[in-house]
Amino acid sequence: MENGEAITEEQRFLEVALARRDRLAARLGDEIADAGDDGLGPARQRMLRQRFEELRRAGDGLVFGRLDAVDGTVRHIGRVGLRAGDGGAAAPGDDADEPLLIDWRAPAARPFYTATAVEPQGQARRRHIRTAAGKVVGVDDEPLDGSVEAELVGEGALLAALGARRTGRMSAAVATLQREQDDIVRAEASGPLIVQGGPGTGKTVVALHRVAYLLFTHQRMAERAVLVVGPSARFLDYIGQVLPALGETAVVSATCDTLVPGVSVGRAESRRTAEIKGRALWQAVLERYVTSLVPQARQLKLRWAGDFHPVEVDPVPGRPYHQARAIAAGQVHHLLAEAVAEQRATMLEQMEEGYEDILARFGPSTVDPHHTGSDVDGLMSEEEIEELRDHIAADPTIARFLESWWPTLDPEAVLRDLLGDAQRLARFAPELSADEIAAVAAEPRAWAPSDVALLDAVAELLGETGTPVPQGEFTADRARRTREWVYGHVVVDEAQELSEMQWRMVLRRCPSRSITAVGDIDQAEAPHRHTTWAQAVGAVLGERWTAARLTVCYRTPREVMALTGPVLARAGSHNEPPTAVRSSGIDPWQVTVTAAELPGTVERAVADLKRRWTVGVIAPEDRIAALRAVVTDVPVLTATQAKGLEWDATLVVDPDGIATGPRGWNGLYVALTRCTQELGQVIVRG
Ligand SMILES: Nc1ncnc2c1ncn2[C@@H]1O[C@H](COP(=O)(O)OP(=O)(O)OP(=O)(O)O)[C@@H](O)[C@H]1O
């Protein structure tokens, strides 16, 4: 079939699918409007709204693929699934339940990503359909009968997508996911999966498509929401468009700095203290410290209605501090009520006379007036003791006493008391050297990034004080505002940057360990010293995690990747650099200038690149301010800030300066691999 005919044929199909989509969306819109009147449950309303949102967003790229099976069956693949009868009556002769468009996440769509000429999985042909504004603009056919052997799935469509200009926002790659990527997207989600991939291998793409896949496949996960942890707010903004476009609303995205509601980072910190405070040993240190705050077992003397009563309380070990406190408070209330009742019984026994007078001493609050008098034996019934216990529990004096004996604690105050006191640190963190203790204790009061994971650990050890779970219409809203929310799945991007304590913080949010972490250990710039995944996660996950790899670089052109070998070796890498899939045909270039010439050269180079491309400038930290003064309309970032981002062209300023910082070679590796087309370097002489 000629390409023109194929386009016409797919255009017809697209129009049918768009019409069905529109009709279905309109009908759902009506149902949502009526839902209030019909008294539909909130769960059903949420479902309707979610489906409506999904349909609304599935505009461009509603249909992007087609599989023709050997037996003649034709299946179209799209962003959402549609049935022939969706939104109203099916066309004459159509079965209303017959699938019209298959959701890319459904099992039936899998061969679209994984069938090859060697393993055609019953398919004769794969077709990629490119659309723009409701029009089919291109069709790429790939025979799977062995007549053509392609290394890449949908090579034409993939290379077109990769060669497209970058917009500063990540776009979905749902139409062109490659087999090694698809294997990870659809992998089992029962334990931690750690994906190592060099720059541009699609780790972020894979992570986000996996979220969409898991939410589609596992309803329970959608009920608990999925957490996406990324390295920076800039990065979260960069990927922000992708998830809704993939159809997901049950997702919370955060950085490690924003994971604890109500806590905000107020200052930067030195690499040294960040490294010290990221170590796994803090878990034990904090446990020891919080345990030391639990009052010892002791005999309390409590006053009730004018008399003192001895009450022996034994704190329950192994519970979070506040939970143990609540149990102890319950014990106090109960034992005091019992003691009062017992005292009364003893007194009654001892006294033969003056019965009425004695009862009066207990006061009206403890005595049911109907039960006074000679018709009872004077002993308190179970119900009366229960009632007395409630009075005791509500009594402000008793509450004040409990608070002074076993105070409720604020995690921030607890952590401050520990970190700010060198003597206390020496007692509870004997693993640290005197120098390390002095460095931690000398830090300013405001929280630094590494403190957030420590605060989270303290909050967990203290346990909650009974604050109600916030309400919200969408699961994600409630999850975002609740520190102890248990997510259905957690995805960590740029996972190589996490400290051991940050790993713990992530794990606390998903005790089932249904976690996908993607990263490149060779791009690690964080102050921890790990150079392998086993080191990075060993202290927290042990050996109970599965490794996967991505090996093909889709972003950086061959010409640029060729420069990275020596840099990677200097970074102490244990990994092969990924294989670049494409060439841009543009040789990387460099100029050498004096420090005085630097600003002018950068300004001119950016102005020139900007005429052709989207541009990012990457420089050492100490040059950023000066460069921002001359380059105002494109981002000027450190390698750390540029992590995960990409532009058509990158200008790397003073690469030697980038390489001399701590973990500098890793930073330079990040900087060199951000472009999709052109790389320029400005080297500073002397
Ligand atoms: N299958 C694909 N189809 C289309 N584009 C893809 C595909 N895989 C990756 N890309 C594109 O390649 C680029 C790099 O992908 P991504 O940012 O996910 O890589 P990464 O491994 O996270 O890189 P880094 O570690 O350097 O940040 C992006 O522009 C992405 O859209």
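This is a short chat about reading two helices and some strands in a predicted model.

Colleague: What should I know about the numbering and the model?

Modeller: Residues are numbered from 1 along each chain as its sequence is written. The model is predicted, with local features needing pLDDT of at least 70 and side-chain atom pairs counting only at pLDDT 80 or more, while totals for chains, interfaces and linings use all residues.

Colleague: At roughly what angle do the axes of α12 and α14 cross?

Modeller: Helices (H or I, at least four residues) and strands (E, at least two) are DSSP runs, numbered from the N terminus. Axes are lines fitted to C-alpha atoms, for helices over the stretch in contact, and angles run from 0 to 180 degrees between N-to-C directions. Here, α12 (residues 321–350) and α14 (residues 382–394) have axes that come within 9 Å and cross at roughly 125°. That makes α12 oblique to α14 (under 35 degrees is roughly parallel, over 145 roughly antiparallel, 65 to 115 roughly perpendicular, the rest oblique).

Colleague: Cool. Which strands pair with β5?

Modeller: Two strands pair if DSSP finds at least two bridges between them. β5 pairs with β1 (residues 63–69) in the antiparallel sense over 5 bridges, and Gly-65 sits opposite His-128 in β5. β5 also runs antiparallel to β6 (residues 135–143), joined by 8 bridges, with Arg-130 opposite Gly-138 in β6.

Colleague: What links β5 to β6?

Modeller: They form a hairpin with 2 residues between them, and Ala-133 in the turn has a positive phi of about 50°.
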